[in-house]
Amino acid sequence: MEAAERVHEAMRAVPRARYLPRAQRFFAPADMALPIGHGQTNSQPSTVRAMLELLDVRPGQRVLDVGAGSGWTTAILAHLTGPTGSVVGVERVPALVEMATANVGRARMPWARVVCATPGVLGAPDEAPFDRILVSAEPDHLPADLIAQLVEGGVMVIPVGGRMLRVRATAAGPEVERTGYYRFVPLVP
C-alpha cells in the first residue's frame, strides 16, 4: 500500500473531532486550522495529510511527534506504526499535554504517549534515535538538534521559513527536499 493510501486510512480511523475541544468539534470536517487553546491550533487536515505522506511512516517504526497539541497527530502516527512501533508526542503546554494524554489514552494505542517538553530542549534526545520525526511548529532555521535524533536514513518533515521540508539523515549530512508553502505556530524550545 502506498503512503497516500495508508495515510488516508489512518486519518479515517482517527477522527479529528475526538481531538478537539467540545466547542470546535462541529468544525472538524472543515479544512482549516482550529484553536485548541493556549494560542495553539489543530492543523488543517490537508496539511496533516501532506506532511504524513512525506513522512511515509511504516509499521514498527519509532516516531517522534514534536508539537503534539491535542494528540491527534500522535494517534494517527500510532495507527501508522501499529503496535510493533512506538510514538512519543512532545508538547510544551502542560494543559495540552493533559488533553493529549487523555485523547491518546481513549484511542487505546498503548504504544503511543504524550509527554511534556523539557524547557530549552527540542524533541526527546533521551529517547532517540527515531526513524521518523514530525514537527508541527515552525522554526526559522533547520534545527540540528532534531536531525541528530534521527537514525541514519531516517526522515523528518518540518516547516521552516514558510516552506515544508523533507529531511533525510545520511552519513554525509542531511538531504533536504523543499515542498509547498505553509504557515505554522512558532517552534519554541
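1. Let's start with Q24. Is this residue buried or exposed? In this predicted model, Q24 has a relative accessibility of 16%, so it counts as buried; the cut-off for that word is under 20%. Q24 sits in the loop between α1 (3-13) and β1 (34-37). Setting aside neighbours within four places in sequence, Q24 is in contact with L34 and P35.

2. Now for two rings. How many aromatic pairs does a search of the whole structure find? The search finds one. The ring centres of F26 and F27 lie 5.3 Å apart and their planes meet at 85°, so the pair is edge-to-face. You may wonder why two values are quoted: a pair of aromatic rings is described by the distance of the centres and the angle of the planes. For the angle, planes over 60 degrees apart count as edge-to-face. As for accessibility, F26 counts as exposed at 71%, whereas F27 counts as partly exposed at 37%.

3. Next, please look at the loop between β5 (112-116) and β6 (130-135), where you will find P119. With a relative accessible area of 73%, P119 is exposed. You can also try a distance in your viewer: the C-alpha atoms of P119 and G161 are separated by 22 Å, and these two residues are 42 apart along the chain.

4. A second proline is worth a visit here. P129 is also found in the loop between β5 and β6. Which form does the peptide bond from A128 to P129 take, cis or trans? The bond is cis, and its omega is near 10°.

5. Two backbone angles deserve a look. D56 is a residue other than glycine, yet its phi is positive, near 55°. You will find D56 in the loop between α2 (45-55) and β3 (62-66). Since its relative accessibility is 15%, D56 counts as buried. R108, also not a glycine, has a positive phi of about 55°. The loop that holds R108 runs between α4 (94-106) and β5. Here the accessibility tells another story: R108 is exposed, with a relative accessible area of 70%.

6. With those details in hand, step back to the whole fold. How many helices and strands does the protein have? The secondary structure comes to five helices and nine strands. If you walk along the sequence, you meet them in the pattern α-β-β-α-β-α-β-α-β-β-α-β-β-β. That pattern is a handy map for placing the loops discussed above.

7. What about overall size? The C-alpha trace spans about 50 × 35 × 30 Å along its principal axes. A compact globule of 189 residues would have a radius of gyration near 16 Å, and the value for this protein, 15 Å, agrees with that.

8. Inside and outside come next. Of the 189 residues in the protein, 49% are buried. Consider the contacts between residues at least 6 apart in sequence: 55% of these join residues at least 24 apart. On the outside, the protein exposes about 8900 Å², and carbon and sulfur atoms supply 54% of that area.

9. Finally, the charges. How many positive and negative side chains does the protein have? There are 19 positive and 18 negative ones. The centres of these two sets lie 7 Å apart.

Key. Residues numbered from 1 in each chain as written. Predicted model: local features only at pLDDT ≥ 70, side-chain atom pairs only at ≥ 80, totals over all residues. Heavy atoms only, no water. Helix = DSSP H or I, 4+ residues; strand = E, 2+ residues; numbered from the N terminus. Rg over C-alpha atoms; globule rule 2.2 N^0.38 Å. Buried < 20%, exposed > 50% of the residue type's maximum accessible area, 1.4 Å probe, protein only. Contact = heavy atoms within 4.5 Å. Areas by Shrake-Rupley, 256 points an atom, 1.4 Å probe, with all protein chains shown as cover. Lys, Arg positive; Asp, Glu negative; His and termini not counted. Charge placed at Lys NZ, Arg CZ, Asp CG, Glu CD. Phe/Tyr/Trp six-rings, centres within 6.5 Å; stacked < 30°, edge-to-face > 60°.
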